[in-house]
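Good morning, and thank you for making time for this presentation. I would like to take the group through the helix packing of one protein, and then through its empty spaces.

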Amino acid sequence: MQRIELIIFEKNIDTVFIHFRYDMNQDHIEASRLCLTAARHCKNILAFQSNNYICEQVYNPVFFVDISSYYKQKIAALEAYGKEHNRFDRLFQTKLEMNHVWGAQNKVEYAEGFHVVKMLDCQKT
């Protein structure tokens, strides 16, 4: 945690993206916990859902970012993980379909949804 915190301070990071803390993957849960503590002084902390398991708490994003211009880059990034992370050959496709649904809900082609842990300032710099 202190190594993460040091990077945040050294780089003057004000926005941190963490795993949703009710994820079903133990590594994701621990990473979320460590990052949440390390980023406690940051202005913005947003959580993302990296898989679609049914969790103890429902992932309900309320902050959305239009990713329509970056959609093909997201596909390429996901494909870089290979089959070992693409559970049942559906995980990545399901995530991309969710981006399309969130986009439709927000009147854009594709959107990424985030759970807001804390948000003080979201202005672009």
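Please keep in mind throughout that this is a predicted model.

I shall begin with the smaller topic of internal space, and in particular with the residues around it. The lining of the largest cavity comprises two nonpolar, three polar and one charged residues. Those residues are Phe20, Asp23, Gln49, Ser50, Asn51 and Cys55. The space inside the largest cavity is about 30 Å³, and the count of cavities of 30 Å³ or more comes to one. As a general remark, rolling a probe the size of a water molecule over the atoms shows where empty space is left.

Let us now turn to the largest pocket. How much space lies in it? The volume is about 670 Å³. The lining of this pocket is formed by 23 residues, and those nearest its centre are His19, Phe48, Ser50, Leu78 and Tyr81. Two or more lining residues come from each of the elements β1 (15-19), α3 (71-79), α4 (91-105) and β4 (111-119). Sorted by class, the pocket lining holds eleven nonpolar, eight polar and four charged residues. Ser50 deserves a second mention, as it appears both in the lining of the largest cavity and among the residues nearest the centre of the largest pocket.

Two of the elements just named, α3 and α4, also pack against each other. Their axes come within 11 Å and cross at roughly 160°. An angle over 145 degrees counts as roughly antiparallel, and therefore α3 is roughly antiparallel to α4. The crossing of α3 past α4 is right-handed. On the α3 side, the contact is made by Tyr71, Lys74, Ile75 and Leu78, and on the α4 side by Phe92, Leu96 and Asn99. By class, this contact has five nonpolar, one polar and one charged residues. Leu78 thus has a place in the contact with α4 and is also one of the residues nearest the centre of the largest pocket.

The final helix pair is α1 and α2. Which angle separates helix α1 (residues 2-10) from helix α2 (residues 26-38)? The two helices pack at about 45°, and their axes lie 8 Å apart. That angle makes α1 oblique to α2. Here too the crossing is right-handed, with α1 passing α2. Ile4, Glu5 and Ile8 of α1 meet Leu34, Cys35 and Ala38 of α2. This contact divides into five nonpolar residues, no polar ones and one charged residue.

Thank you for your attention.

Conventions
Residues numbered from 1 in each chain as written. Predicted model: local features only at pLDDT ≥ 70, side-chain atom pairs only at ≥ 80, totals over all residues. Heavy atoms only, no water. 1 Å grid on protein atoms, 1.4 Å probe; cavity = no way out; pocket = protein on both sides within 12 Å on 5 of 7 lines; lining within 4 Å. Points joined across faces, edges and corners; volume = space filled by probe spheres on them. Nonpolar A, V, L, I, M, F, W, Y, C, P; charged D, E, K, R; others polar. Axes fitted to C-alpha atoms, helices over the stretch in contact; angles between N-to-C directions. Helix = DSSP H or I, 4+ residues; strand = E, 2+ residues; numbered from the N terminus. Parallel < 35°, antiparallel > 145°, perpendicular 65-115°, else oblique. Left-handed = near helix turned anticlockwise from the far one by under 90°. Contact = heavy atoms within 4.5 Å.
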